[in-house]
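Trainee: Please take one part of this structure and describe it closely, following the links that lead from there to other parts.

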Amino acid sequence: MYDLVITNIGQLLLPDQGPLKGGAMKQLAVEKQRALGIKDGRFAWIGSHEEGASLPAREKVDAEGKVVSPGLVDPHTHLVFGGSREGEMVLKQAGVPYLDILKQGGGILSTVKSTREETEAELFDKAKKHVRQMAAHGVTTLEAKSGYGLDRETEWKQLKVVKHLNEQGDIDIVSTFLGPHAIPLEYKGKSDAFLEEMIAMLPEIKKQNLAVFTDIFCETGVFTIEQSKHFMEASHQLGFQTKIHADEIDSLGGTELAAGLGAVSADHLVAASKQGIKQLAEGETTAVLLPGTTFYLGKDTYADARSMIDQGAAVALATDFNPGSCVTHNLQMIMSLAALKMKMTPEEIWNAVTVNASHAIGQKAGRIVKGKPADFVLWDVPNYQYIPYHYAANHAKMVWKNGRKVYERMDADVF
Ligand code: IZC
Ligand code: ZN
């Protein structure tokens, strides 16, 4: 007896084991007229629609010839924050650059102020709503960064919110410590001292298992290449794997640094150099691209996903969900931007939001395999190419995590 059987699946997407590098990203197995059996929260059976229709099950769902994929993975979000920054919209329209807003004490620092002011319970409730929105858009595993505290107490508060959200178990949330996200006002002109303060937090974070990864914002006016290297090496010594916000605005060489140090991912990479891309292709670091941020910052130049894939790198996609530079829960929208602005193929895009995204956060999610946790989405679309094509909508009809339905679209939600 199965707990759940999904019949009449028009297209079942079966990404291969990741990380998929370069040309391997073009491969995506798509099986037609399939059915899925789920038992004890795991995929228990995969077969033809005809066989599936006769399996004994507590619940059956007719997919009506539509698409079923693994649950999406969002490997880069700034999930936990106080306040919001809609006031910066007019500054952006007036052409004030993102880094100038930060220099004037706005941007990240404005969110730091709000996040310090809110209680852990308030932050938890808000973050939980964001997680539900993401799950409603098909995401069943995500990464969440700290970095809006920039002091011990508030960084801790953010990490605890992530821990408690993950313990609630609706969605897997992988925690990243992004203490060096900006230089707080009280350390203005003393970035080295601030970095040491953040490094001093690492042993306790490790001991309490509050983060798997560390991350640093390597950018003009924030942290230099030398500081980033120092922080990443200190993280490695303490048993953390590392991530880096690299070459988002200026080409500082963060991509080369990440590949050279064997970081698990290098994120943004809009201004990555040719040498950096070559090193990604030769190394083990996954490129996590965030085209929603480029779009939201109103820029015309996107990360060069084509060169990265064509030269052999592993590329993943993420929302970068945050209150300043990319305010969206919708990873499907990012899939459209990847197609329209970075010329990624539908197959590359699906691999980038499943197995490669999962690899970029050290998880084994993003696949439909017998015996694995049943994280999957029924999409209200006729084929898998349709999602990048029809942009900015939510095409998810039902979303399951560990075999449990975490979202079902009501008819009233259809627009
Ligand atoms: O709050 O602006 N880029 N960090 C680095 C961000 C964007 C988040 C923010
Ligand atoms: Zn980010």
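Mentor: P19 is found in the loop between β1 (2-14) and β2 (29-39); here helices (H or I, at least four residues) and strands (E, at least two) are DSSP runs, numbered from the N terminus. The model is predicted: local features need pLDDT of at least 70, side-chain atom pairs count only at pLDDT 80 or more, and totals for chains, interfaces and linings use all residues, while side-chain values use heavy atoms, without hydrogens and water. Residues are numbered from 1 along each chain as its sequence is written, chains are lettered from A and ligands numbered from 1 in the order in which they are written.

The peptide bond that joins G18 and P19 is cis, with omega at about 0°. Most peptide bonds are trans.

P19 also belongs to the lining of the second largest cavity, together with K21, G283, E284, T285, T286, A314 and H359. A cavity is a set of points on a 1 Å grid over the protein atoms alone where a 1.4 Å probe fits but cannot get out, and lining residues have an atom within 4 Å of a point. The volume of this second largest cavity, the space filled by probe spheres set on its points, is about 40 Å³.

The structure holds 2 cavities of 30 Å³ or more, and the largest encloses about 100 Å³ of space. Its lining consists of 13 residues, and those closest to the centre are H78, Y98, H181, N322 and S325.

H78 leads on to the zinc ion (ligand 2), for which H78 is a protein donor through NE2. The other protein donors are H76 (NE2), H245 (NE2) and D320 (OD), and the four lie 2.0 to 2.6 Å from the ion; for zinc, donors are N, O and S atoms within 2.8 Å. Along the chain, their spacing is H-x1-H-x166-H-x74-D. Distant parts of the chain are linked here, as H78 sits in the loop between β6 (72-74) and α2 (88-93), and H245 in strand β10 (residues 241-246), 167 residues apart. Both H78 and H245 are buried, that is, under 20% relative accessible area (1.4 Å probe, protein chains only).

D320, another of the donors, lies in the loop between β13 (315-317) and α13 (331-342). Its relative accessibility is 2%, so D320 counts as buried. Although D320 is not a glycine, its phi is positive, at about 65°. Most residues other than glycine have a negative phi.

Notes:
Donors are N, O and S atoms within 2.8 Å of the metal (3.2 Å for Na, K and Ca); water is not among the atoms, so sites may look incomplete. Buried means under 20% relative accessible area, exposed over 50%, partly exposed in between (1.4 Å probe, protein chains only). On a 1 Å grid over the protein atoms alone, a cavity is a set of points where a 1.4 Å probe fits but cannot get out, and a pocket is an open set with protein on both sides within 12 Å along at least five of seven lines; lining residues have an atom within 4 Å of a point.
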